[in-house]
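Biologist: Could we go through this structure together? I would like to begin with the surfaces beside the DNA.

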2 protein chains.
Amino acid sequence: MRDRSDGRVGTQHVDVAGIDAQGRVSPRRAPVPEERQRDAERTRQHLLAAALDEFAAKGYAGARVHDIAAAAGVNKQLISYYFGGKDGLYRELQRIWEQREAAFADPEVPLPELAVRYLRDALADPRMMRLLLWRSLAAESGPPRGPGGEESAGMRRRQARGELAADLDPGAVVLMLMGAVAAPVAMRQMVWRVTGLDPETPEFEEYFAEQLGRMVRRLTGPDPGSNDAGPPG
Amino acid sequence: MRDRSDGRVGTQHVDVAGIDAQGRVSPRRAPVPEERQRDAERTRQHLLAAALDEFAAKGYAGARVHDIAAAAGVNKQLISYYFGGKDGLYRELQRIWEQREAAFADPEVPLPELAVRYLRDALADPRMMRLLLWRSLAAESGPPRGPGGEESAGMRRRQARGELAADLDPGAVVLMLMGAVAAPVAMRQMVWRVTGLDPETPEFEEYFAEQLGRMVRRLTGPDPGSNDAGPPG
DNA sequence: GCATCTGTCAACCAATCAGTTGATTGTCTG
DNA sequence: CAGACAATCAACTGATTGGTTGACAGATGC
């Protein structure tokens, strides 16, 4: 047995929440009173945090296991030891992300707020969004997998509730919102050219969140004035 | 002299239009009556076309000069010979793209049509969009370069003309439209999950073009009915 | 307190890959 | 047609890079 990750596949033993927005590892590891010199879980988390930085920054092909190990402060062999190699480390990151992803998209919160929430999340820590984009671009083309058209269930409920204009298709709206949220991450230099703002500043976040909210409100219902300017005169 | 590209820097000797949407090389090369065995310009174009495919598919880090040369049907050394290496080939592609880019964004065509035009262009041949996305993701973070906030000049004219709602900032609208157009290219699997359509089919193109047009029309002026349902009142 | 397992590392290895070298052959020009 | 130059290729090279090996040392249990 030379790959410690084999036994973990399918389980969720990883401290998913242990990686904060700055990539630091949370110190809470209950059964360990003082700092040990050797701590498998701590090393795993350090590697995962460093890998998230590296893969988000350079993508899979551009990432270097040497750099990940160096950033984690451990020997690069431990990547093979814990995750079975670069590929396993990458997969583990994606697995963690898919777990978190499910917690989003509450169908009760109004659409403009939901969009803005996604935006702020992506801007506060663009690494996951970047990971998604890298993966999407790298995915070789071919027939789509999995069930299709299911994601818009909550959206269709919104529409039935009158929260979305009748002549708009929920799928298209979701797609456009995804694009709008991803745009500042996917096309950073475009932000500068188009708005004159640095996409990483809080100024831009406030500006674009406000604007995105307004735009989404215009997609809600046949009367755009009813949501942000009172009933029409 | 071992790099034929040195003498070309700054000039535009390349048959930019010679690469069509399918990556084929146009056969028109005026002063050549029959097929020669050796043809520098033809080889250059073959390499550029193959490079566009390869870089768009895998990005810079993932692209392999060997594969580019093989797809072009020539020896890989010719990449160094004509372009000074992988990097020079990549730069040349970007240079070509920047030349074409300028031809877009006519401030006279209505905004919904402009957005739809961009969308159809991106869907018909996603390679340039993919190139842009790869480059954006790979660009290391840092202070933005070049002049900022200038791109929205035409948009501001639209707003003054009343084509854009007064409470929306042109920059934010452009950014969102960019994201919406890029979304089907940048997040292909999302299209399938959200709409149930294959993003490469004409069905999807018609569907999303129609929907995008409707959404953009809702961003034009305080009265959404004024643009697609005649004058108000 | 000793044996065993787990965690860690330095050094090594094989594969990949961009780029170079030197030779070969088509093409043009006088 | 002959010399010169342009275009092309097969083989080689040096540098990365992901992964493996074998040793060693901290932790753990008896």
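Biologist: By class, how many nonpolar, polar and charged residues has the surface near DNA strand C?

Modeller: Please keep in mind that this is a predicted model. The surface near DNA strand C has eight charged and eight polar residues, along with five nonpolar ones.

Biologist: Which residues come nearest to DNA strand C?

Modeller: There are 21 residues around DNA strand C, and the nearest are A:A40, A:T43, A:N75, B:G85 and B:K86. Elements giving two or more residues to this surface are α1 (40-62) and α3 of chain A, and α2 (65-72), α3 and α4 (86-101) of chain B.

Biologist: And which element gives the most there?

Modeller: That is α3(A), which gives three residues to the surface near DNA strand C.

Biologist: What about strand D: which residues come nearest to it?

Modeller: Around DNA strand D there are 20 residues, of which A:G85, A:K86, B:R38, B:A40 and B:N75 come nearest. Two or more residues each come from α2 (65-72), α3 (77-83) and α4 (86-101) of chain A, and from α1 (40-62) and α3 (77-83) of chain B. The element that gives the most to the surface near DNA strand D is α3(B), with three residues.

Biologist: How many residues of each class are on the surface near DNA strand D?

Modeller: Seven are charged, eight are polar and five are nonpolar.

Biologist: Changing topic, how many residues does each chain put into the contact between chain A and chain B?

Modeller: Chain A puts in 51 residues, and chain B likewise puts in 51 residues. On the chain B side, α1, α6 (127-138), α8 (170-186), α9 (188-195) and α10 (202-217) each give two or more residues. Of these, α8(B) gives the most, with 12 residues.

Biologist: What is the make-up of that side by class?

Modeller: The side of chain B that touches chain A has 10 charged, 12 polar and 29 nonpolar residues.

Biologist: You mentioned α9 of chain B. Is α9(B) mostly covered or mostly uncovered?

Modeller: It is mostly covered, with seven of the eight residues of α9(B) buried. The buried residues are B:R188, B:M190, B:V191, B:W192, B:R193, B:V194 and B:T195.

Biologist: What do the buried residues of α9(B) pack against?

Modeller: They pack against α8 and α10 of chain B, and also against α6 (127-138) and α8 (170-186) of chain A. Just after α9(B) comes B:G196, which takes a positive phi of about 75 degrees.

Biologist: Now for a helix pair. At what angle do the axes of α1(B) and α2(B) cross?

Modeller: The axes cross at roughly 130 degrees and come within 8 Å. That angle makes α1(B) oblique to α2(B). The crossing of α1(B) and α2(B) is right-handed.

Biologist: Which residues make that contact?

Modeller: From α1(B) they are B:H46, B:L47, B:A50, B:A51, B:D53 and B:E54, and from α2(B) they are B:D67, B:I68, B:A71 and B:A72. By class, the contact of α1(B) with α2(B) has three charged, one polar and six nonpolar residues.

Biologist: Finally, chain A overall: how many helices and strands has it?

Modeller: Chain A has 11 helices and zero strands.

Biologist: And what share of chain A counts as buried?

Modeller: Of its 233 residues, 37% count as buried. Among contacts in chain A between residues at least 6 apart in sequence, 60% link residues at least 24 apart.

Notes
Residues numbered from 1 in each chain as written. Chains lettered and ligands numbered in written order. Predicted model: local features only at pLDDT ≥ 70, side-chain atom pairs only at ≥ 80, totals over all residues. Near = placed C-beta within 6 Å. Helix = DSSP H or I, 4+ residues; strand = E, 2+ residues; numbered from the N terminus. Nonpolar A, V, L, I, M, F, W, Y, C, P; charged D, E, K, R; others polar. Contact = placed C-beta atoms within 7 Å. Buried ≥ 20, exposed ≤ 12 C-beta atoms within 10 Å, placed from the backbone. Axes fitted to C-alpha atoms, helices over the stretch in contact; angles between N-to-C directions. Parallel < 35°, antiparallel > 145°, perpendicular 65-115°, else oblique. Left-handed = near helix turned anticlockwise from the far one by under 90°.
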